[in-house]
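Reader: I would like a close look at a single part of this model and at what surrounds that part. Please keep the account plain and connected.

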Amino acid sequence: MATEEVDKPPSLPPYPEMIMKALEALNEENGSNKSAISNYIISTYGEVPASHSALLSEHLNKMKESGELDFWKNNYTKSDPNAPPKRGRGRPPKPKEPLPPDTVLGPARPRGRPPKDPNAPPKPPKATSGRPRGRPRKMARPSGGLGGATASTATAAPSSGRPRGRPPKVKAPLPEVSVQ
């Protein structure tokens, strides 16, 4: 039984309370970031659970969503109840005029393209110039060949009659040397 009591960490106050005390003690002008709050809690309360960073993040997010803390530029501050609410990004929405009480609103217009009317008369076909749309098809190579050309020369020589690429260099014949 004595070992169970020794291994048990001392009881900590609730995380929201520790966070508020850390913000009061640090008292930074623009608020304190998560690591500063964490370091203050560790230095003040000593042993913290192994999942301290996860617990701290969870409680900071809960307090931020509930309005106890303000989060701005990666810093947490105590929210001021007298401060006006912060505006989100972008242009503010236009103020809406209230509708008279006897006005009945119809169903909202659905999003997207409306479906085609099955009872509508078919549209007349567009006038065409007689040519098919798009890029014209490639002309096929003549299959007959070039008058006496073999299959190997037909593939090497395109329809222009000249082979592709640079012509081969003509080697000059070597002068004959007579040995006597």
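Author: Two strands count as paired if DSSP finds at least two bridges between them. In this predicted model, strand 1 and strand 2 are joined by four bridges and run antiparallel. One of these links sets Trp72 opposite Asn75, its bridge partner in strand 2. The hairpin that the two strands form has two residues between them, and Lys73 there takes a positive phi near 50 degrees.

The part to look at closely is helix 2, since the hairpin is among its packing partners: the buried residues of helix 2 pack against strand 1 (69-72) and strand 2 (75-78), and also against helix 3 and helix 4. Some context on the chain comes before the detail. The protein chain has five helices and two strands, and from the N terminus the order of its elements is α-α-α-α-β-β-α.

Helix 2 itself has twelve residues. From its first C-alpha to its last it reaches 16 Å, close to the 16 Å expected at 1.5 Å a residue. Its buried residues are Tyr15, Met18, Ile19, Ala22 and Leu23. Seen down the helix axis, these buried residues fall within an arc of 135 degrees, so they line one face of helix 2. Just after the helix, Asn27 takes a positive phi of about 45 degrees.

The buried residues of helix 2 belong to the largest nonpolar core, which has twelve residues: Tyr15, Met18, Ile19, Ala22, Leu23, Ile37, Ile41, Leu56, Leu60, Met63, Leu69 and Tyr76. Helix 2 (15-26), helix 3 (34-45) and helix 4 (52-66) are the elements that give two or more residues to this core. The largest share, five residues, comes from helix 2. In general, nonpolar side chains of soluble globular proteins tend to be buried together.

Leu56, one of the core residues, shows how these parts meet. Leaving aside neighbours within four places in sequence, Leu56 is in contact with Tyr15 and Ile19, and also with Lys34, Ile37, Ser38 and Ile41.

Some totals for the protein chain complete the picture. Buried residues make up 11% of its 180 residues. Of the contacts with a separation of 6 or more, 44% are between residues 24 or more positions apart. The chain exposes about 17,600 Å², and carbon and sulfur atoms supply 55% of that area.

Key
Residues numbered from 1 in each chain as written. Predicted model: local features only at pLDDT ≥ 70, side-chain atom pairs only at ≥ 80, totals over all residues. Heavy atoms only, no water. Core = buried A, V, L, I, M, F, W, Y, C linked by side-chain atoms within 4.5 Å. Buried < 20%, exposed > 50% of the residue type's maximum accessible area, 1.4 Å probe, protein only. Contact = heavy atoms within 4.5 Å. Areas by Shrake-Rupley, 256 points an atom, 1.4 Å probe, with all protein chains shown as cover. Expected span 1.5 Å × (residues − 1). Arc of directions from axis to C-beta.
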